[in-house]
Amino acid sequence: MTSFPTPVALGADQARTRLHEFTVIDVRTPAEYASGHLPGALNIPLGLIPRALPEIRHAAERGDVLVVCASGVRSENACKLLAEQGVPTATLAGGTGAWAAEGHDLHTPAACDTRAGWSMERQVRFTAGVVVLLGLVLGLLVHPAFHVLSAGIAGGLVLSAITNTCGMAVALGKLPHNRPRAADLDATLAALRGS
């Protein structure tokens, strides 16, 4: 039976005191990352962790790796994925939200480097709301069977809360505006190799 390293969860104050020791990987979308990230954090969206595995493993061999996201859920999932590959990591409990709530600075790229966008949570709320309204309107105007759309979203939200996962966020994360430009990802992977 193979034993995987157990990911460690650090509070915002714990992470801040050791921030200089970490290679920080932010697994949010590029738009979320651009809205404010931990100092020195490198952006590798959750869905691209498998592609960046060799570079992350290389960084972990040189020092500790801290994985962050907005609330701690995606970073926890990334840490589990990396642990299964034998890469030890830590996650920031509560994510950048907890970091900012503790009064710690978030860095943002220069204005010309940002892509306007919504946070993943906002995208999920918007998409769920649109599909629910669409199901209700089509159910009233076209055929009652369209109410299944609204019921499906309601069921998905309940499942998301119970499992602490979000299939809609995973799907939205694959859209082009939520993926880093190839040059940005290449630069991030080169930074991981060289740090």
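Here are some friendly notes on this predicted model, from its sheet to its cores, its salt bridges and one threonine.

1. **The sheet.** A good place to begin is the open sheet, which is built from five strands in the order E1-E5-E4-E2-E3. The pairing is parallel. At the edges sit strand E1 (8–10) and strand E3 (42–43), each of which pairs on one side only. As general background, strands of a sheet pair through backbone hydrogen bonds, and this can be parallel or antiparallel.

2. **Where E1 meets E5.** Three bridges connect E1 and E5, in the parallel sense. If you would like a residue pair to look for on screen, try leucine 10, whose bridge partner in E5 is leucine 92.

3. **Threonine 91.** Strand E5 (residues 90–92) also holds threonine 91. Is threonine 91 buried or exposed? Its relative accessible area is 7%, and because buried means under 20%, threonine 91 counts as buried. Its side chain reaches the backbone oxygen of valine 67 at 3.5 Å. Leaving aside residues up to four places away in sequence, threonine 91 touches Val8, Ala9, Leu10, Leu66, Val67, Gly72, Ser75, Glu76 and Cys79.

4. **The largest nonpolar core.** This core has 21 residues, and Ile44, Ile56 and Leu192 are those with the most contacts inside it. The elements that give two or more residues to this core are helix H3 (49–62), E4, H4 and helix H9 (182–194). H3 provides the largest share, six residues.

5. **Leucine 192 and a second core.** Which residues does leucine 192 touch, not counting those up to four places away in sequence? They are Thr23, Ile25, Leu42, Ile44, Glu55, Ile56, His58, Ala59 and Arg62. Apart from the largest core lies another core, of 14 residues, including Leu10, Ala15, Val24 and Val68.

6. **Salt bridges, starting with aspartate 64.** Side chains of opposite charge can pair when their charged atoms come close. The count of salt bridges in the model comes to five. One of them joins the side chains of aspartate 64 and arginine 18, at 2.5 Å from N to O. Aspartate 64 lies in strand E4 (residues 64–68) and arginine 18 in helix H1 (residues 12–18), so this pair ties together parts that are 46 residues apart in sequence. How accessible are the two partners? Aspartate 64 is partly exposed, at a relative accessible area of 37%, and arginine 18 is partly exposed too, at 27%.

7. **A salt bridge between buried partners.** Aspartate 26 forms a salt bridge with arginine 28, and the closest N and O atoms are 2.8 Å apart. Both aspartate 26 and arginine 28 are buried.

8. **A bridge between two helices, and a network.** Arginine 74 and glutamate 32 meet through their side chains in a salt bridge, at 2.9 Å from N to O. Which parts of the chain does this pair link? Arginine 74 belongs to helix H4 (residues 73–84) and glutamate 32 to helix H2 (residues 30–34), distant parts of the chain with the pair 42 residues apart. Arginine 74 is buried, and glutamate 32 is buried as well. Elsewhere, salt bridges that share partners join Arg18, Glu21 and Asp64 into one network.

Note on methods
Residues are numbered from 1 along each chain as its sequence is written. This is a predicted model: local features need pLDDT of at least 70, side-chain atom pairs count only at pLDDT 80 or more; totals for chains, interfaces and linings use all residues. Side-chain values use heavy atoms; hydrogens and water are left out. Helices (H or I, at least four residues) and strands (E, at least two) are DSSP runs, numbered from the N terminus. Buried means under 20% relative accessible area, exposed over 50%, partly exposed in between (1.4 Å probe, protein chains only). A polar contact is a pair of N or O atoms within 3.5 Å; within protein, one must be able to donate a hydrogen and the other to accept it, and residues adjacent in sequence count only if both atoms are side-chain atoms. Contact means heavy atoms within 4.5 Å. A salt bridge is a side-chain nitrogen of Lys or Arg within 4 Å of a carboxyl oxygen of Asp or Glu. A nonpolar core is a set of buried Ala, Val, Leu, Ile, Met, Phe, Trp, Tyr and Cys residues joined through side-chain atoms within 4.5 Å. Two strands pair if DSSP finds at least two bridges between them.
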